[in-house]
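Please open the model in your viewer and keep the sequence panel beside it. The tour goes from one selection to the next, and each stop says what is there.

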Amino acid sequence: MMTRKFLVLALVVLSFLGLSCSSDDGPPTASLQLETIGLKALTGGSTYQGWLIVNGEAIPTAKFTDPTITLNLEVLASDLEDATQFVLTIEPVGDLDNIPSAAKILTGNFNGNSASLNFESVVADLSSTSGQFFLATPTDDVADNDEFGVWFMNGSDAPGLVLPDLETGWKYEGWVDFGSKVLSTGTFSKVDVTDDGNFFKGSGGTVPDFPGEDFLVIPSQIPLTGITLPAAVTSKRVFITVEPYQDNDPAPFFIEPLSATAGITTGSANPVMMISNTAVPSGRATRANM
């Protein structure tokens with residue numbers, strides 16, 4: 001009798017185990033562990049997203065905004081095992097597709113169960129940058145208001161910035177921190193051409209063939225609050241960022257290769273030299289439980 005009861009109980013247990021491991025549970029998953037240094041949380045609606053490269057195809061991981069903690073991203077075990085590369089992108093506000101954006105910020109090839117992630121190969125090498133600017137207002141015909149403009153120039157006909165070309169998906173952007181508001185001088189890819197901004201320029205003058213801005217007028221089509229123009233750049237912090245320019249976030253990105261505080265003198269004879277910041281993000285992706 002005891003033997004018969006034991007057999008019945010064993011069959012019940014085996015049946016339960018069979019059901020719990022059935023195909024209804026889906027294919028097995030595994031964790032990709034992501035650790036980064038130098039990345040900051042995104043707060044404007046854009047997100048980070050990881051991608052496993054498997055046979056040339058980008059397989060997405062979950063999106064996230066805070067990279068300052070060690071992340072465990074759940075993926076299919078077969079994809080994680082077969083992945084040869086990991087890529088981290090900045091996905092724009094409102095992104096709904098499963099296609100990597102052009103703004104790749106970290107990448108690395110798997111060597112065994114881990115991949116060292118670097119910034120330089122997908123954005124730029126920022127180890128040798130320099131810059132200068134001076135205060136002037138060339139876009140209007142007023143002679144004594146040069147404190148309201150900033151131009152990244154060396155004299156009247158040479159670029160003031162030394163910056164490497166950026167990979168696809170990225171642009172530089174100039175900024176002035178007025179305290180109550182941080183305003184953009186415009187995005188740019190080249191240091192010796194007019195940038196994409198000049199929204200606040202005056203009239204009666206000319207726009208130089210270099211990045212910069214005159215903060216003279218708020219155009220009616222720009223709903224700008226918290227600041228009154230003209231606004232003096234004197235004694236204000238001026239800086240350059242590297243921007244994922246399709247992220248739809250109006251705030252400055254955290255990668256900042258050049259910065260300086262403007263003085264109180266104006267004109268090309270009084271340049272302000274900028275301080276270089278060579279810090280860039282890095283990281284490691286690990287096949288944690290394989």
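In which sense do strand β2 and strand β3 pair, and over how many bridges? Select residues 47-54 for β2 and residues 57-64 for β3, and you will find that these strands pair in the antiparallel sense over 6 bridges. Strands here are DSSP runs (E, at least two residues; helices are runs of H or I, at least four residues), numbered from the N terminus, and two strands pair if DSSP finds at least two bridges between them. Before going further, note that this is a predicted model, in which local features need pLDDT of at least 70 and side-chain atom pairs count only at pLDDT 80 or more, while totals for chains, interfaces and linings use all residues. Residues are numbered from 1 along each chain as its sequence is written, and side-chain values use heavy atoms, with hydrogens and water left out.

Stay with this hairpin for a moment and select Val54, which stands opposite Glu57 in β3. There are 2 residues between the strands, and Asn55 takes a positive phi near 50° in this hairpin.

**The open sheet**

Next, select β13 (residues 171-177) and β14 (182-188), which pair in the antiparallel sense over 6 bridges. Along this pairing, Trp175 stands opposite Ser184 in β14, and Val176 stands opposite Leu183 in β14. The hairpin that β13 and β14 form has 4 residues between the strands, and in its turn Gly179 has a positive phi of about 90°.

Now add β16 (237-243), β17 (258-261) and β19 (residues 275-276) to the selection. The 5 strands form an open sheet with antiparallel pairing, in the order β14-β13-β16-β17-β19. Because β14 and β19 stand at the edges, each with a single partner strand, one side of each is left without a neighbour in the sheet. Further along, β16 and β17 pair over 4 bridges in the antiparallel sense, with Phe239 opposite Ser259 in β17. The pairing of β17 with β19 is also antiparallel and has 2 bridges, and there Ser259 has Ile275 in β19 as its bridge partner.

Return to β14, where 6 of the 7 residues are buried (buried means under 20% relative accessible area, exposed over 50%, and partly exposed in between, with a 1.4 Å probe and protein chains only). Is Val182, a residue of strand β14, buried or partly exposed? At 32% relative accessibility, Val182 counts as partly exposed. Leaving aside neighbours within four places in sequence, Val182 is in contact (heavy atoms within 4.5 Å) with Trp175, Val176, Asp177, Phe239 and Pro252.

**A buried charged residue**

Select Glu243, which is in strand β16. Glu243 is buried yet has no salt bridge, and Arg237, the nearest side chain of opposite charge, is 11 Å away. For this purpose Lys and Arg count as positive and Asp and Glu as negative, while His and the chain ends are not counted; a salt bridge needs a side-chain nitrogen of Lys or Arg within 4 Å of a carboxyl oxygen of Asp or Glu. What lies 2.6 Å from a polar atom of the side chain of Glu243? That atom is the backbone nitrogen of Phe253. Beyond four places in sequence, the residues in contact with Glu243 include Gly169, Trp170, Lys171 and Pro252.

**The nonpolar core**

Which residues touch the most other members of the largest nonpolar core? Select Leu52, Ile105 and Phe133, which do so among its 62 residues. A nonpolar core is a set of buried Ala, Val, Leu, Ile, Met, Phe, Trp, Tyr and Cys residues joined through side-chain atoms within 4.5 Å. Apart from the largest core lies another, of 5 residues, among them Ala136, Trp151, Met153 and Phe210.

**Unusual backbone angles**

Most residues other than glycine have a negative phi, and most peptide bonds are trans. With that in mind, select Asn198, whose phi is near 65°, in the loop between β14 and β15; this residue counts as buried at 10% relative accessibility. Then select Asn248, in the loop between β16 and β17, where phi is again positive, near 65°, although Asn248 is exposed, with a relative accessible area of 53%. Finish at Leu229 and Pro230, which are joined by a cis peptide bond with omega of about 5°, Pro230 being in the loop between β15 (212-214) and β16.

Note on methods:
A polar contact is a pair of N or O atoms within 3.5 Å; within protein, one must be able to donate a hydrogen and the other to accept it, and residues adjacent in sequence count only if both atoms are side-chain atoms.
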